[in-house]
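This report looks at the enclosed spaces of a protein model and at the ligand that goes with it. The sequence and structure come first, and the description follows.

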Amino acid sequence: NTLRLIPKLPFLFGPSPIQALPRLTRAISPPTSCDPRITIHAKREDCNSPLAYGGNKVRKLVYLVADAQAHACTALVSVGGIQSNHTRAVTAVAAAAGLQAVTVQERWVPIDPPLYAQTGNILLSRLMGGDVRVGIGEEGGGEEGFGIGHKEATRRVCREVEEKGGKPYYIPAGASDHELGGLGFVDCMVEIAGQERELGIFFDTVIVCSVTGSSHAGLIVGAVAEGRGRKVIGIDASGKPEETKEQVTRIARNTAKLLDPDLEIPDSAIILDDRFHEGVYGVPGPSTIKAMQLAARTDAVITDPVYEGKSMAGMIQLIREGTIGPGSNVLYVHLGGQPALNAYSSYFETESA
Ligand SMILES: Cc1ncc(COP(=O)(O)O)c(CNC2(C(=O)O)CC2)c1O
């Protein structure tokens with residue numbers, strides 16, 4: 001009930017669709033006469049908003065931008081890699097809210113494919129009039145590289161906005177390590193429960209990609225609060241699972257406390273599988289590419305090489321190895337990311353890829 005009292009903006013279409021994935025299900029878990037079937041559905045957060053391809057960040061930003069407006073801020077300041085979906089989403093909600101967006105785009109991924117800094121998310125941010133700052137970390141003694149924490153470069157940009165007479169609203173990487181960062185995905189879990197009643201199903205297992213952690217954390221809080229034993233499995237794509245797990249835990253507990261001081265988040269509710277990040281953030285590996293192809297070639301579900309391709313690989317393996325057992329109803333939460341695909345086209349050139 002507390003959630004309903006916290007201001008948010010109407011950036012979403014309404015509930016994002018839940019769709020069945022029958023051909024992907026059959027490809028992963030062929031029907032056998034004895035075992036009760038596994039079902040797989042997708043919660044399509046990549047189709048959740050009219051703003052620049054939507055995605056999980058827009059779901060979170062409904063609360064942060066309402067807060068920015070409540071504080072009469074004039075500019076959203078945030079950070080991401082060159083192909084960050086988050087900074088594209090910040091720029092999109094800034095455009096929609098009539099605010100300026102200043103985004104620090106750091107070299108988080110040690111690759112340089114053709115047009116990597118001219119296509120995909122960074123192209124969209126420029127098209128929407130974002131003040132896109134690439135490589136300003138060098139001015140301040142070198143970029144800090146990938147990390148899910150707070151960055152010096154964004155502090156400098158906030159000071160610059162103030163010196164020009166503006167009022168900055170700082171949004172951390174992924175809109176995660178922020179007091180309001182987990183609320184969007186608590187909303188999402190409440191939304192899923194409503195859709196389940198209409199569908200007549202209960203998703204006992206929810207799969208979600210986890211990097212800066214507040215998508216995963218919000219779903220955990222929603223699942224613990226409803227008390228129906230639903231399992232939320234995070235698939236790490238940060239390549240730094242210890243840091244991600246710590247941040248997920250902190251955000252989940254802070255968000256729970258914000259909503260209901262009596263809501264305890266047990267350690268057992270924090271599940272992060274670190275087998276699918278392929279060793280480094282932002283670079284697809286063989287399992288990522290194979291999972292992307294399978295999802296695309298069965299139910300035409302398009303995932304990306306940085307995030308959803310890795311959580312899709314995780315779901316497929318968890319089902320194939322039996323960790324997700326017969327009779328499970330699995331919900332794959334698709335958080336977006338497709339705009340970055342074209343920046344990674346060189347990973348799909350060969351016939352096998
Ligand atoms: C498409 C997509 N899927 C999953 C995630 C992981 O979500 P969390 O950051 O909430 O853990 C991102 C994040 N992206 C970041 C970005 O800068 O884009 C925050 C890292 C994402 O964009």
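The text below takes up the cavities, then the ligand and its surroundings.

The model is a predicted one, and it holds two cavities of 30 Å³ or more. The largest cavity contains about 310 Å³ of space, and 29 residues line it, with Asn56, Lys57, Val211, Thr212 and Tyr307 closest to its centre. Two or more lining residues come from each of helix H3 (56–70), strand S3 (75–81), helix H4 (85–97), strand S7 (205–210) and helix H8 (214–226).

The second largest cavity has a volume of about 70 Å³. Its lining consists of 13 residues, and those nearest its centre are Gln83, Tyr116, Tyr281, Val306 and Tyr307. Tyr307 thus appears among the residues closest to the centre of the largest cavity and also among those nearest the centre of the second largest one.

In chemical character, the lining of the largest cavity divides into seven nonpolar, 18 polar and four charged residues, whereas the lining of the second largest cavity has nine nonpolar and four polar residues and no charged ones.

Which space does the ligand take? The ligand occupies the largest cavity. The shell around the ligand comprises 20 residues, the closest being Lys57, Lys60, Val211, Thr212 and Glu308. Lys57, Val211 and Thr212 are also listed among the residues closest to the centre of the largest cavity. By class, the shell divides into four nonpolar, 13 polar and three charged residues.

Three side chains place a polar atom at the following distances from an atom of the ligand.

| Residue | Ligand atom | Distance |
|---|---|---|
| Asn56 | oxygen | 3.2 Å |
| Ser215 | oxygen | 2.8 Å |
| Glu308 | nitrogen | 2.5 Å |

The accessible area of the ligand on its own is 480 Å², and the protein covers 100% of it. The elements that supply two or more residues to the shell around the ligand are H3, H4, S7 and H8, and H3 gives the most, with three residues. These four elements also contribute to the lining of the largest cavity, where strand S3 (75–81) likewise gives two or more residues.

Taken together, the ligand lies in the largest cavity, with the protein covering 100% of its accessible area, and Glu308, one of the residues closest to the ligand, has a polar side-chain atom 2.5 Å from a ligand nitrogen atom.

How values were computed
Residues numbered from 1 in each chain as written. Predicted model: local features only at pLDDT ≥ 70, side-chain atom pairs only at ≥ 80, totals over all residues. Heavy atoms only, no water. 1 Å grid on protein atoms, 1.4 Å probe; cavity = no way out; pocket = protein on both sides within 12 Å on 5 of 7 lines; lining within 4 Å. Points joined across faces, edges and corners; volume = space filled by probe spheres on them. Nonpolar A, V, L, I, M, F, W, Y, C, P; charged D, E, K, R; others polar. Near = heavy atom within 4 Å. Polar contact = N/O pair within 3.5 Å; in protein donor to acceptor, adjacent residues only side chain to side chain. Areas by Shrake-Rupley, 256 points an atom, 1.4 Å probe, with all protein chains shown as cover. Sits in = over half its atoms within 2 Å of the grid points.
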